[in-house]
Amino acid sequence: MAKLNENYLNIKQSYLFSEIAKRVNDFCEANPNKKVIRLGIGDVTLPLGSLVIKALHGAVDEMSKAETFKGYGPEQGYDFLRNSIKDYYKRNGVEVEADEIFVSDGAKSDTGNITDMFSTDNVVLVPDPVYPVYVDTNIMNGRKIIYMDGTAENGFLPMPDENVKADIIYLCSPNNPTGAVYNKEQLKAWVDYANKNGAIILFDSAYECFVADPELPRSILSIEGAKTCCVEFCSLSKTAGFTGTRCGYTVVPKAIVKKTSDGGELSLNHMWNRRQTTKFNGVPYIIQKGAAAVFTVEGMEEAKAMIDTYRKNAKLISDTMDELDVKYTGGINSPYIWFECPFNMYSWNFFDKMLNDIQVVGTPGAGFGKNGDNYFRLTSFNNYENTKEAMERFKTLFK
């Protein structure tokens, strides 16, 4: 008889954003004439840039001709895109090799799939609050998880504890959900901890494009010692609006090498390459051509214009919180604003109040861990007009 993976019994029956969608859909069906403004899920609203669209159209035309048609492509990504990403890192002061870059359909997939590389008896360290994918994928595999507290007192940026021993560490900066950003000294402390303890840091850098402060690192690989212990995940979802087009990349340094039980060695880069060639058929050629356009000088200018629009929205939300004297983090160097629920409310209760009273959707902090029980997340990814209207509605809660 086939036996199922009973670790699935230990995860929440509904993924956070699926539960939000259900509640919003139920409300909309019951109130079809009420306009709901969504500042919850981190989905973008601006269309793809003109250079990306041009590249996509060009790639479609290529697929229509025998001499330029593409069939199966390299699972790791086409060289033209991997080299474009390599150049992007170099422009930001980080040296990586093209064969350390693996093109994927997004950071969410890779942060979950990377667990294939690790034994189930590894101890995993995650922050609380935390992006649910980090937790759920490891629960599915039956690993022990240790939580480190992210609180207002530490700026929602937990630091290493020498009394806690972990093998795999998840970090996200700019952070989802809190919007907090680690500085160079803080990341150096994490890198030193990982190297000292033989641990590996899985660093989610999906929101690096929002870092405007030149003193803040956009890549953990810019930190001395990181290439022996850090894997970095990134995405074009927020950089260039690829949430529906699906393209990201993961950097697995060749310097990450671990001893095997029989005294041999295993390269994480070689393992990930083997995993991808076995379980992944690669990102479509058409999408990769569009992605390559993003990394041109002109493409990055278009992407920056998009990001600036979302930054403007984030400032609008932050200014509203300042006006109402609501404590928050994020909003600067991040598309997320993380704030204390007013009226001492539990976050899911505040979610229902927002939806029912002012028809604005956010994300309850409880969905990110116990330290989020009384917090709430808003995103800057709607358009400016809707964001402004949402904030005007938000102010009415305090009258």
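Guide: A residue is called buried when its relative accessible area is under 20%, exposed when over 50%, and partly exposed in between, using a 1.4 Å probe on protein chains only. The structure is a predicted model, in which local features need pLDDT of at least 70 and side-chain atom pairs count only at pLDDT 80 or more, whereas totals for chains, interfaces and linings use all residues. Residues are numbered from 1 along each chain as its sequence is written, and side-chain values use heavy atoms, with hydrogens and water left out.

Visitor: How many of the 10 residues of helix α9 are buried?
Guide: Helices (H or I, at least four residues) and strands (E, at least two) are DSSP runs, numbered from the N terminus, and α9 covers residues 285–294. The buried ones include Tyr285, Ile287 and Gln288, and further along the helix Gly290, Ala291, Ala292, Ala293 and Val294. Helix α9 is largely enclosed by the rest of the structure because so many of its 10 residues are buried, the count being 8.

Visitor: Which elements do the buried residues of α9 pack against?
Guide: Packing here rests on contact, meaning heavy atoms within 4.5 Å. For the buried residues of α9, the partners are the strand β2 (101–104) and the helices α2 (50–63), α3 (79–91), α7 (236–240) and α10 (297–324).

Visitor: Why is helix α5 largely enclosed by the rest of the structure?
Guide: Helix α5 spans residues 132–140, and among its buried residues are Pro132, Tyr134, Asp136 and Asn138. Its buried residues are covered by elements including the helices α1 (16–30) and α4 and the strands β3 (123–128), β4, β5 (168–172) and β6 (200–204). The helix is largely enclosed because, out of its 9 residues, the number buried is 8.

Visitor: Which residue with a positive phi follows α5?
Guide: Just after the helix, the chain reaches a residue whose phi lies near 80 degrees. This residue, coming after α5, is Gly142.

Visitor: Which strands are the edge strands of the open sheet?
Guide: Two strands pair if DSSP finds at least two bridges between them, and the 7 strands of this open sheet stand in the order β2-β8-β7-β6-β5-β3-β4, with mixed pairing. An edge strand of this sheet pairs on one side only, and the strands that do so are β2 and β4 (144–149).

Visitor: Which residue of β8 is the bridge partner of Ser104?
Guide: Strand β8 (residues 248–251) runs antiparallel to β2, and the two are joined by 4 bridges. In one of the pairings between residues, Ser104 has as its partner in β8 the residue Gly248.

Visitor: How much space lies in the largest cavity?
Guide: On a 1 Å grid over the protein atoms alone, a cavity is a set of points where a 1.4 Å probe fits but cannot get out, and lining residues have an atom within 4 Å of a point. The structure holds 2 cavities of 30 Å³ or more, and the lining of the largest includes Pro127, Met148, Phe156, Leu171 and Tyr182. With grid points joined across faces, edges and corners, and volume taken as the space filled by probe spheres set on the points, the largest cavity holds about 80 Å³.

Visitor: Which helix gives the most to the lining of the second largest cavity?
Guide: The second largest cavity has about 40 Å³ of space, and its lining consists of Gly49, Val52, Ala240, Val294, Gly299, Glu302, Ala303 and Met306. Of these lining residues, 4 come from the helix that gives the most, which is α10.

Notes
1 Å grid on protein atoms, 1.4 Å probe; cavity = no way out; pocket = protein on both sides within 12 Å on 5 of 7 lines; lining within 4 Å.
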